[in-house]
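Please work through the exercises below with the sequence and the three-dimensional model side by side. Try each task before reading its solution.

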Amino acid sequence: KGSMARSASPGRKRERGEGGQTGKHGGEGLVWACVYTALFVIVPTLCLWYKHHEAHQAVLFNWTYLLLSLFVVINTMISVWEIALHIYSRHITDSFRQLKKRTAPGTFPPIFMFQPVTFREAMSLKYWSNVWILYSLFDESYSDPKSYGFWIDSGNGFSTLVPGIAFVLGLTYDLMEPRNLGLIGMLQFYQEFYGTVLYFWSFFYNRRWEDHGWHGHNANVIFATVVVSNGIWFAGPGL
């Protein structure tokens, strides 16, 4: 995406642009970024399901537990990305400005999730700030620290990371009284639901899709992407 900057790797240099796009890989053993994303969700979720079954001799497919734990693991991953949104806000703003100059209105650049990344990069917080550089093509508020979208998501990252982990561990093991566990879940899920309602209202009221010239069929694709990706925070708390 956009202009090409250079980052050094041992013994060679690789080209990298905004949004995590990689150019020359020099034969390095790399995997797509989406593979790391899938592993981050799948491995902890399967471990939690097994430990819940082992600890409580519960039915292996307790759908309420399965879906709640899956949602909390996804939210944990997104919380880390949202912390990156706050910490690397200036980088996101600057990179998006360069990306937008080189991306025609109503078009997508290459999506970094489907491009190779090294393990070291995948373990860095800054790398995942690319999520917000790309998402800013849907909603530019994520490249603007003065916007509601920026603060509701970065705030969600800091405020729900630890409670979310405590909640899913409390569901899996007997770590606290059920009433206390329920209070944690109620506070966290209400915050997420309420924030999502306001985000949708802000997105449609301000017609954010028009900032990058999305119209017609492409605009419908953007609507579907935004609704589905954010609708998780309706469905999860609704459980």
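The exercises below go from the overall fold to salt bridges, aromatic pairs, the core and the largest pocket.

The model is predicted, so that local features need pLDDT of at least 70 and side-chain atom pairs count only at pLDDT 80 or more, while totals for chains, interfaces and linings use all residues. Residues are numbered from 1 along each chain as its sequence is written, and side-chain values use heavy atoms, with hydrogens and water left out.

**Exercise 1. The fold**

Find how many helices and strands the chain has, and in which pattern they follow one another.

Solution. Helices (H or I, at least four residues) and strands (E, at least two) are taken as DSSP runs and numbered from the N terminus. Counted in this way, the chain has eight helices and four strands. Along the sequence their pattern reads β-β-β-α-α-α-β-α-α-α-α-α. As for burial, where buried means under 20% relative accessible area, exposed over 50% and partly exposed in between (1.4 Å probe, protein chains only), 45% of the 239 residues count as buried.

**Exercise 2. A network of charges**

Determine which residues are linked with Arg208 in a network of salt bridges, and whether Arg208 is buried or exposed.

Solution. Side chains of opposite charge can pair when their charged atoms come close. The rule used here asks for a side-chain nitrogen of Lys or Arg within 4 Å of a carboxyl oxygen of Asp or Glu, and by this rule there are five salt bridges. In one of them, Arg208 pairs with Asp139, with 3.5 Å between the closest N and O atoms. This pair joins distant parts of the chain, 69 residues apart, since Arg208 sits in the loop between helix 7 (178-205) and helix 8 (216-238) and Asp139 in the loop between helix 5 (130-135) and helix 6 (148-172). Next, Arg208 also meets Asp211 in a salt bridge, at 3.8 Å from N to O. Taken together, Asp139, Arg208 and Asp211 form a network of salt bridges. Arg208 counts as buried because its relative accessibility is 19%, and Asp139 is buried at 1%, whereas Asp211 is partly exposed at 32%.

**Exercise 3. A residue with a positive phi**

Describe the place of Arg207, its phi and its salt-bridge partner.

Solution. Arg207 lies in the loop between helix 7 and helix 8. Although Arg207 is not a glycine, its phi is positive, at about 50°. The side chain of Arg207 forms a salt bridge with Glu210, in which the closest N and O atoms are 2.7 Å apart. Arg207 is partly exposed, with a relative accessible area of 40%, and Glu210 is partly exposed as well, at 37%.

**Exercise 4. Aromatic pairs**

Work out what kind of aromatic pair Phe112 and Tyr127 form, and which parts of the chain this pair ties together.

Solution. Rings of Phe, Tyr and Trp (its six-membered ring) pair if their centres lie within 6.5 Å, and planes under 30 degrees apart count as stacked, over 60 as edge-to-face and the rest as tilted. By this rule the count is 29 aromatic pairs. Phe112 and Tyr127 are 5.7 Å apart from centre to centre with 75° between the planes, an edge-to-face pair. Phe112 lies in the loop between helix 3 (89-101) and strand 4 (116-117) and Tyr127 in the loop between helix 4 (119-122) and helix 5, so the pair ties together parts 15 residues apart in sequence. Phe112 is buried at 1% relative accessibility, and Tyr127 is buried at 6%.

**Exercise 5. The core and the largest pocket**

Identify which helix gives the most residues to the largest nonpolar core, and how the lining of the largest pocket divides by residue type.

Solution. A nonpolar core is a set of buried Ala, Val, Leu, Ile, Met, Phe, Trp, Tyr and Cys residues joined through side-chain atoms within 4.5 Å. The largest such core has 46 residues, and those with the most contacts inside it are Trp81, Phe112, Trp128, Trp132 and Val226. Helix 2 gives the most to this core, with eleven residues. For the lining of the largest pocket, Ala, Val, Leu, Ile, Met, Phe, Trp, Tyr, Cys and Pro count as nonpolar, Asp, Glu, Lys and Arg as charged, and the others, Gly among them, as polar. The lining residues then divide into 21 nonpolar, eight polar and three charged. A pocket is here, on a 1 Å grid over the protein atoms alone, an open set of points where a 1.4 Å probe fits, with protein on both sides within 12 Å along at least five of seven lines, and lining residues have an atom within 4 Å of a point.
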